[in-house]
Amino acid sequence: MADKEPQQPEELPIVLVHRLPSFKIPSDPSFRDQLRSQFHMLDPHESPEPYDSFLARHAPFIRVLMTIGPSPISAEFLERLPVLELIVATSSGLNHIDLPACWSRGIVVTNASLAFAEDVADCAVGLLIDVLRRISAADRFVRGRLWPVKENYPLGFKLGGKRVGIVGLGSIGSEVAKRLLAFGCTIAYTSRNKKQSVSFPFYANVRDLAANSDVLVLCCAQTKETYHMINKDVMVALGKDGVIINVGRGSLINEKELVQCLMGGDMGGAGLDVYENEPNVPKELFGLDNVVLSPHCAVMTPESFEALDQLIVINLKAFFSNKPLVSVVSKE
């Protein structure tokens with residue numbers, strides 16, 4: 001009997017790694033090994049071949065792209081990938097991706113919102129409690145040895161009973177709502193469209209939402225439509241005791257007008273994790289005890305990154321197995 005031909009190993013499905021040279025594939029070795037054991041990860045920046053030549057040679061075979069961090073994906077770049085069907089983003093925000101160009105080509109985009117939602121929501125609620133109860137300011141008061149001198153510390157404000165308006169009721173906004181309901185807050189929201197699956201009051205624009213809220217929590221994406229959507233008009237509508245929490249994108253807020261309203265006493269406070277010109281923060285905010293600042297770290301937990309690793313692998317395996325994707329970015 002003739003010997004059987006040795007079986008050739010099955011070729012791994014191809015995934016293009018799209019990143020700026022300064023960005024790397026998430027650094028957990030076990031995650032990198034898991035990716036490379038199941039997929040042929042094409043990284044132009046790891047090849048001695050010039051980038052354009054590398055991309056042109058592989059483009060006819062690239063159906064999936066994994067983008068690392070905020071690496072730009074323009075309509076022009078997409079034209080270089082004629083058979084692309086899926087972009088797996090490792091970030092929650094997608095302002096670096098030309099989504100209309102993707103959708104016009106039928107390219108599906110997934111993001112990290114599902115992986116990051118719980119920890120970003122925790123951070124949003126933490127910022128809100130800190131602003132209302134003046135926790136960071138109280139810490140500075142004690143450490144500065146002012147307690148024996150001034151004795152009485154200013155009153156804070158109760159969270160329960162606050163009317164909270166959520167701007168963007170997606171994965172993160174929904175988790176924020178769930179947490180604040182447990183504190184006894186009432187929830188309303190604005191979004192691109194009214195969501196039939198929720199019973200919270202819906203406002204078609206952010207100004208009307210602000211006029212009927214004590215707090216605005218910003219969880220939406222940055223787009224041309226949402227750029228500077230929180231302006232002086234919205235802040236005035238929110239009122240002198242109103243608080244803004246931003247865990248979305250810095251450019252959702254007109255920062256100059258925010259500074260003016262806070263300095264002028266036209267707002268109650270703000271909790272900010274994101275800024276217009278990171279890492280630069282308006283210096284006027286540093287001396288305000290009713291403002292809490294954090295360095296764009298709402299997602300920075302090991303649990304978030306572990307969940308992201310799992311989400312990436314789930315979506316890549318699902319695509320190549322013709323199974324449903326998760327955390328798909330909606331056109332709505």
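Between domain 1 and domain 2 the count of salt bridges is zero, in what is a predicted model. The chain is divided so that domain 1 takes in 14–112 + 301–321, while domain 2 covers 117–293. The points below take up the boundary between the domains and then the two parallel sheets, one with five strands and one with six.

**Between the domains**

- Taken over C-alpha atoms, the centres of domain 1 and domain 2 are separated by 33 Å.
- Contact involves six residues of domain 1 and four residues of domain 2, and the area buried between the two domains is about 450 Å², with 39% of that area coming from carbon and sulfur atoms.
- No salt bridge adds to these contacts, since the count between domain 1 and domain 2 is zero.

**The five-stranded sheet**

- This sheet is open, its strands pair in parallel, and their order is 2-1-3-4-5; the edge positions belong to strand 2 (40–42) and strand 5 (108–110), each of which pairs on one side only.
- On average, neighbouring strands of this sheet are turned by 25 degrees against each other, with direction ignored.
- Strand 1 (residues 14–18) pairs with strand 3 (residues 64–67) in the parallel sense over three bridges, and His 18 has Thr 67 of strand 3 as its bridge partner.
- Strand 3 also pairs in the parallel sense with strand 4 (residues 86–89), here over four bridges, and Leu 86 in strand 4 is the bridge partner of Val 64.
- In a regular strand, side chains alternate between the two faces of the sheet.
- In strand 3, Val 64 and Met 66 point one way whereas Leu 65 and Thr 67 point the other way, and all of these residues are buried.

**The six-stranded sheet**

- This second sheet is likewise open with parallel pairing, and its strand order is 7-6-8-9-10-11; strand 7 (186–190) and strand 11 (291–293) are the edge strands, each pairing on one side only.
- The twist from one strand to the next averages 15 degrees in this sheet.
- Strand 10 (residues 269–272) and strand 11 run parallel and are joined by three bridges, with Val 292 in strand 11 serving as the bridge partner of Gly 271.
- Helix 8 (residues 171–182) packs on this sheet, where it touches strand 6 (163–167), strand 7 and strand 8 (215–218), and the direction of helix 8 makes about 170 degrees with that of strand 6.

Methods: Residues are numbered from 1 along each chain as its sequence is written. This is a predicted model: local features need pLDDT of at least 70, side-chain atom pairs count only at pLDDT 80 or more; totals for chains, interfaces and linings use all residues. Side-chain values use heavy atoms; hydrogens and water are left out. Two strands pair if DSSP finds at least two bridges between them. Axes are lines fitted to C-alpha atoms, for helices over the stretch in contact, and angles run from 0 to 180 degrees between N-to-C directions. Buried means under 20% relative accessible area, exposed over 50%, partly exposed in between (1.4 Å probe, protein chains only). Domain bounds come from an automatic or database domain assignment. Contact means heavy atoms within 4.5 Å. Buried area is the accessible area (1.4 Å probe) that two parts lose on being put together, summed over both. A salt bridge is a side-chain nitrogen of Lys or Arg within 4 Å of a carboxyl oxygen of Asp or Glu.
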